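Hi,

Here is the structure I promised to pass on. Have a look at it first, and then read my notes below.

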Amino acid sequence: MATATDTRLLGKSIKRREDPRFITGRGSYTDDLKLPGMTYAAFVRSPHAHAKIGKIDLTQAKAHPGVVAIFTGKDLTGVNSLPCGWLLPELKVPPHPPLAVDTARYVGDPVAVVIAETQDAALDAAEKVKVDWNVRPAVTATAKAAEKGASQIHEVAPANVAFKWQIGDAAAVDAAFKTAAVTVKKHIVNQRLVANAMEPRACVARFDAATGDLTLWVTSQNPHVHRLLMTAFVLGIPEHKVRVIAPDVGGGFGSKIFLYNEETVCSWATRQIKRPIRWTSTRREAFQTDAHGRDHVTDAELALSRDGKILGLRVKTIANLGAYLSTFAPAVPTYLYGTLLNGVYEMGAIHCDVTGVFTNTTPVDAYRGAGRPEAAYLVERMIEVAAVALKMDVAEIRKKNFIPKFEHGYQTKVALTYDSGNYAAAFDKLLGMLDYRKIREEQAAARKQGKLIGVGFSTYIEACSIAPSKVVGSLGAQAGLYESGIVRVHPTGKITVFTGSHSHGQGHETTFSQLVADELGVPMEDVEIVHGDTGAIAFGMGTYGSRSASVGGTAIHMSIHKIKEKGKKIAAHLLEASPGDMEYVNGQFQVKGFPGKAVPFGQVALTAYVPHNYPEGLEPGLEETSFYDPSNFCFPFGAHACVVEVDRDTGHVKLLRYVAVDDVGNVINPMIVDGMVHGGIAQGVGQALWEGAVYEDDGQLVTGTMMDYALPKADMLPMYETERTVTPTPVNPLGIKGAGETGTIAATPAVVNAVVDALRPLGVDHIETMPLTPERVWKTIKAAKAGR
Amino acid sequence: MYPAAFEYHAPASVADALKLLGKLDDAKILAGGHSLIPMMKLRLAQPKHLIDLRKVAGLTGIKEDKGMIAIGAMTTHWEVESSKVLKSKCPVVSETAAMIGDPAVRNKGTIGGSLAHGDPAADMPATVIALGAEFVCQGKKKRTVKVDDWFKGIMETALGEDELLVEIRVPALAKGTGAAYLKFPHPASRFAVVGVAAVVTLDKEGKCTKAGVGVTGAGTHAVRAKGVEAALSGKKLDAAAIEAAAAKAADGVDVQADLQGSEEYKAHLCRVFAKRAIEAAVKRAHA
Amino acid sequence: MKHSVKMTINGQTQSHEVEPRLLLVHYIRETVGLTGTHVGCDTSQCGACTILINGQAVKSCTVFAVQADGAKITTIEGLAKNGDLHPIQQGFWEKHGLQCGFCTPGMILAAYQMLERYPKPSEEQIRHQLDGNLCRCTGYHNIVKAIQWASEHMAGAK
C-alpha cells in the first residue's frame, strides 16, 4: 500500500478516504435525513398493468388521522410530462405524466400521492384511496407488442412501435451472405433485468416559502441533470431557485440517472403544502418502478469464409421500452447497441435493424453497460456458434478476426472510430492466465469421466467516457455530455475540487484527490473533493457510461493546468523571472532547471490571495474552472474466460474459475478499478445464470421481491483472477478509458459460452434464453439427448 | 415496509398465552417471526393481535427424554444447528437447521414457529417426516400428534386454533442408522425448491430394516415418500436398489409448478435428491 | 396501544413509548437516530439492517421494537471502541471491501458474528455465512478478503 508521500500517486492502490464514514455507520444517505416539520409520502399505484382510471374516492383516506394532503394526477396543474432526453428521428413520444391521469400503463404506475405526518399514516391512508379501475388487456412480451391485435398502449404510437432504427449497410451484408461459405443464424433473448442498487431510491423535497427556494435531496447519479429536467421541462420553476443534492448514494448502476415520477411529485407537492416531504422506495416499489434494463429479442446471422473470417453480420432486434419513454431509453438499444456490433473484430459488413416497442411493463432504460452488453453478448455468442459450425477452436476463430493493433483510430462498419486497441494482446494474456491448452486437456479428461466441464470466452469493446456533445447531439441527445471541474486553491494552499461527476460507490473522493495531489505534488490530505450538490458545483452531467475519470478527471486536470499557468506568473513575479522560464516540479514553481530558485505552492497560493507583491494586471485568487468535452468516446476492451461445471442431473451450473483481462487505459487507483471489475463480473454472471424480471401475461411482475429475483450471493461466485493490459487512449490527456462497466459487459457471454461448451458433447451449440436456470439447462440436456 | 397496526401481547406462561388465544379475535402467535413479519411488512398479513411467546417459560431447550430428543418449540434454528445433544444423537436435525435461510434468520427463527407455519418449501418438514417426529400441542389438553398427521396443506397443519405447539420430539438415531437431508435451494430465498431427507437403518448384512424418506418443496406440503420407503425396506442398498427406490420419490407428491420449475422438472428433482440423500444416509449408516 | 420499551444500544440506555408495529430498524433509525443501520429490502433478504441483539446477528427489519425490550443491542456505530476501528472494520478498509457503503454495516456485523463462531473460517465458510447479506457493488471478492484479513488480525491480537 502506498503512502501519500510517494512521489507519484497515480497508479497506486491507495485506501479509500470515503471508507471511514461508511465502515462506522456515518454515511449520509437520503433516507437518513430528517428535517423539522417533515412529512412522509406514500404513492397509490396501479395494481393493474393496463387500466382506465375511473373515479378516485379520497373520502376515507382524507379522513385518516395524520393525513396532510392527497393529490391525484388531475391536481397537478401546470406540471408537464416527464421528458425524454434522447430523440430519434420519428420517435413517438407519448405523454408521461408524473401521476397517471386517465390510464395506468404498468403495475406500479403512480396515480395519487398521500402525504402525512408519519410514514405509517401515509401508508395506512394510501390503502384507503379507492380507485375505480377499468381493466384493459395488457401486452408485456417484447416479441408480441407490435403484433396484430395487441392492446394499444399509447394513441401516438400505432402498433405500440416507438421507433424503427437501423445502422450499417444492408446491401453489403446481403452480398456477404451470398458469397459466404458458412452462415449461422440464432435467436437470442437478452432478458430484462432489475438494477437493484442496494439503497432504494429516495428523495426529500423542501420548499422554503420565505425565499422561494426549493431543495431536493435525491438518490441521483447526476443532480444537475435532475435539476435541469425537472425545472426547465416539467415543473417550470426557475432553475436558480432549485438546489439538488445527491448525498451518499448507495449504488446506481444506471437506475439513478433518470428523472422519476416520485421526486417530481414531491418537489411539486412541497410547494403546495410548504413543508418538507420525504419519500423512500420500498424494495417492492423499486422492482416495480426503477427503470429496468436490457430486454431484447434478436435474430442474428453471421456469414463467414471457409477459413473463419467474418464477412457479414445481420441483426434484427425488438427492444422493449416498457410503458413510457424513460429519460434516455431510446439511446440504449440504438446508439449504445447497434454501434458496438463490430466488436473487436474485422467484419466485412454489418447491418442492424431495431424496433423499439411499448409494453405494459416498467420503463426500460440504461442498466450497467446499457446496450453494449447486449451487443457484446450477441457478437460473442455468434462467434462461438460459428466456431462450432466451422469446427474451429473458439480461441482460434477470435484470433483470426481480431482488428490488428492500432494507436490512432480504427473506423468500424457501424459509425464509430475506435481510439486505440491491442485486442490480441489482451486475449493472449488471458490464454496464458487460463493455461488454455492444459485446461482443454483437463476438460477432455473430465468428459471421459462423464463430467460436463465447459470453457467459455468473451472479448468486448465498450464505447464509454460518454462523450462528445456534438456527436451525441447529432444522434439525438438533448443534452451536452461534457463535464466540469473547478479547482479552488485556498490561501493556505489547501485545495477544494468541485466536480460534476457523482460518486455512488466509485470512490471519486479518493481517485480525484489522488489525481490532484499527484499533479500538484501536494499531500492528498490537502485536497477535498466536493460532488453531488448543484448549490456548490458549476454544472455537471454526472456519472454513468464509465465517464467520471476520463471526462470528469480531465476537466479537473485542465483546471490544474490553468492553476499551474497562473501560479507560474505569480512565482515568476516573486522571483523576478519570466513566466516562460518557469516550471512546476515537486510542489514548487521554479526557474527551469534551477530547483534552488523556486517558490513553494503554498506561498504562491497565499500571494494570490494577499496580492501585495503581485504581477500587474493579474486577477487575485487561485481558482480555475474547466469544462471538458472530449473529441471522441473512449473504447476499453478486454477478454474474459469462465470455466464451469454443469450438474447433468439437475442442470445446476457451478463456476469453477473466472479469469479477466481488461484494458481500461491508464489507471489512477488499481484497487478501485479491480473492485469495479469484480462487481461488474458479478452482475454479468447474474444475468447469465440467475437474474431475470418475469411478467405474467396480465402484466404482474412475478419476480417482484428479493425472495423471487435472484441476485448473486457470496456463495454463488468464485474469487476472480484479474489482470490488465494498458493501452492508453489518445482521446484525453490522462490516457484513461473508463472502467465501470467492463465486467458486466464481458461476463455474461463468457459464462453462457462456457455452459454451452460444457454441453457441446451432447450436440448443443446454443441456448436461446437467459438466464441459464437449472431447469433451462436440464431441459437443454434432455432435448439434446432426445435428439440424438 | 411498515405493517398495519396491531395489538401486542407478551404473556409469561403457556396458560396465559392460551387464554389470550381463546379470547382475542384474529390473533396470531409470534414465535421467531421470520415468516410472519415479512408477510406483515408487505401487508399480506394484517392480524389484529400478536401474541409473542418470547417471555413464555419452558419453551426452549433441547434434551434427551426416553430415547427421544425433545426440542422446545421456541428453540431457534441456530440453537438446533449448534446443539451438542442433537449433533451426537440425531445430527441430521442440526444439519437441516443449518440449511435454513441464513445465519441471521436462524438466530431468530424457531423450529416450532417454522413447523407450525407449515411453509411448503421449508426444510425441517422433510427431516421430521423421515425421522418420524412427534408434535406436542397444548390446548385445553395436551396431545401428541404424529408427524404423518401434521402437514395438511399449504401453510396448514394439525395445530388447532386454540393450541400452541410446545415441543417437537425426534428419535435418537439407532445403531446402524444413517440420515441425511439434501436440498436444491431457491437461488434467492434459499427455501427448498426440492428437499429430501432420508433415514435408513441397516442390519449387519447391510440390509435395510427401516427407512424414512420425507420430501419437501415440490408440493403443497411436505410428504412421506412411502413408495421409496417400501422399495428400500428389506433390500441390500446397492446403487441399483437406491436408484430404483428413488425413482418413486415424486409419487404421491402434488407437485406445484412455479418459476423455479415445471412439474416435470420438480418431480425429476425429487428423484435426484432422493437418490443423493439415500446414498448419503447409507454411507453414514455403514460408517 | 403504545408500549414502553427499554434497551441498551451501544451501551446507552434507550427508553421510549412505541407502537407495536414499529420495526426495530425504524426504532433505531428514526426514534433513536442511529442511521448507520440501513433498510435495503422488505423481505429479509438483503441484510443491510443486520445488528447484534444480545450478541447475535439479527435482521432488525424482521423484529418489532417491542420484541427487543430489555435487549442489549450493538449497531455499526457501536463497534469501534474509543475511536479504534474493530479489526473487521479495518479489514473492510484495507481490502476495499465496500464501494457504495450501503450494505457495509450489515456485512460487518454479519462478519462479526461469523468470526465469533468460526474464528478461522475457510473461504467457503465465509461465503456460506454471508448468505443473508447482499452486496451489488463488490462481487464479494474483496468482502471475503476483508474478512480473511480480520480473521488473521483478530487471531494475532489474542
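**Inside chain C**

Between domain 1 of chain C and domain 2 of chain C there are zero salt bridges, where a salt bridge is a side-chain nitrogen of Lys or Arg within 4 Å of a carboxyl oxygen of Asp or Glu. Before I go on: this is a predicted model, in which local features need pLDDT of at least 70 and side-chain atom pairs count only at pLDDT 80 or more, while totals for chains, interfaces and linings use all residues. Residues are numbered from 1 along each chain as its sequence is written, chains are lettered from A and ligands numbered from 1 in the order in which they are written, and side-chain values use heavy atoms, with hydrogens and water left out.

So what does hold a place at that interface? The rule finds six residue pairs in polar contact across it (both at pLDDT 80 or more). A polar contact is a pair of N or O atoms within 3.5 Å; within protein, one must be able to donate a hydrogen and the other to accept it, and residues adjacent in sequence count only if both atoms are side-chain atoms.On the domain 1 side, strand 3 (50-53) and strand 4 (56-59) of chain C each give at least two residues; strands (E, at least two residues) and helices (H or I, at least four) are DSSP runs, numbered from the N terminus. By class, that side of domain 1 of chain C has seven nonpolar, ten polar and one charged residues. Here Ala, Val, Leu, Ile, Met, Phe, Trp, Tyr, Cys and Pro count as nonpolar, Asp, Glu, Lys and Arg as charged, and the others, Gly among them, as polar.

The domains of chain C run over 3-78 (domain 1) and 87-157 (domain 2), with bounds from an automatic or database domain assignment. Their C-alpha centres lie 22 Å apart. In contact (heavy atoms within 4.5 Å) are 18 residues of domain 1 of chain C and 15 residues of domain 2 of chain C. The two domains bury about 1,200 Å² between them, with 62% of it on carbon and sulfur atoms; buried area is the accessible area (1.4 Å probe) that two parts lose on being put together, summed over both. In domain 1 of chain C, the residues that lose the most area to domain 2 of chain C are His38(C), Leu52(C) and Ile76(C), together 38% of what that side buries.

**Chain C against chain A**

Here 48 residues of chain C touch 55 residues of chain A. Chain C and chain A bury about 4,400 Å² between them, 56% of it on carbon and sulfur atoms. Look for Trp93(C), His96(C) and Arg136(C): they supply 20% of the area that chain C buries against chain A, more than any other three residues.

How many salt bridges are there between chain C and chain A? The count is eight. In one of the salt bridges, the side chains of Lys15(A) and Glu94(C) meet at 2.8 Å, N to O. The rule also finds 27 residue pairs in polar contact across this interface (both at pLDDT 80 or more). Helix 2 of chain C gives the largest share of the side of chain C that touches chain A, five residues. That side divides by class into 19 nonpolar, 17 polar and twelve charged residues.

**Chain C against chain B**

This contact takes 35 residues from chain B and 31 residues from chain C, and the area buried is about 2,800 Å², of which carbon and sulfur atoms give 57%. Two salt bridges cross the interface of chain B and chain C. One to find on screen joins Asp131(C) and Arg190(B), with the closest N and O atoms 2.9 Å apart. Eleven residue pairs are in polar contact between chain B and chain C (both at pLDDT 80 or more). Helix 6 (103-108) is among the elements of chain B that supply at least two residues to the side touching chain C, and helix 6 of chain B gives the largest share, six residues. By class, that side of chain B has 20 nonpolar, five polar and ten charged residues.

**Chain A on its own**

Chain A holds 18 helices and 28 strands, and its C-alpha trace spans about 90 × 75 × 50 Å along the principal axes. The radius of gyration of chain A is 27 Å, which agrees with the value near 28 Å for a compact globule of 788 residues. That radius is taken over C-alpha atoms, and the globule rule is 2.2 Å times the number of residues to the power 0.38.

Domain 1 of chain A and domain 3 of chain A have C-alpha centres 39 Å apart, and they bury about 1,400 Å² between them, 64% of it on carbon and sulfur atoms. In domain 1 of chain A, Gly545(A), Ser546(A) and Ser550(A) lose the most area to domain 3 of chain A, together 32% of what that side buries. Across this interface the rule finds zero salt bridges and nine residue pairs in polar contact (both at pLDDT 80 or more).

Cheers
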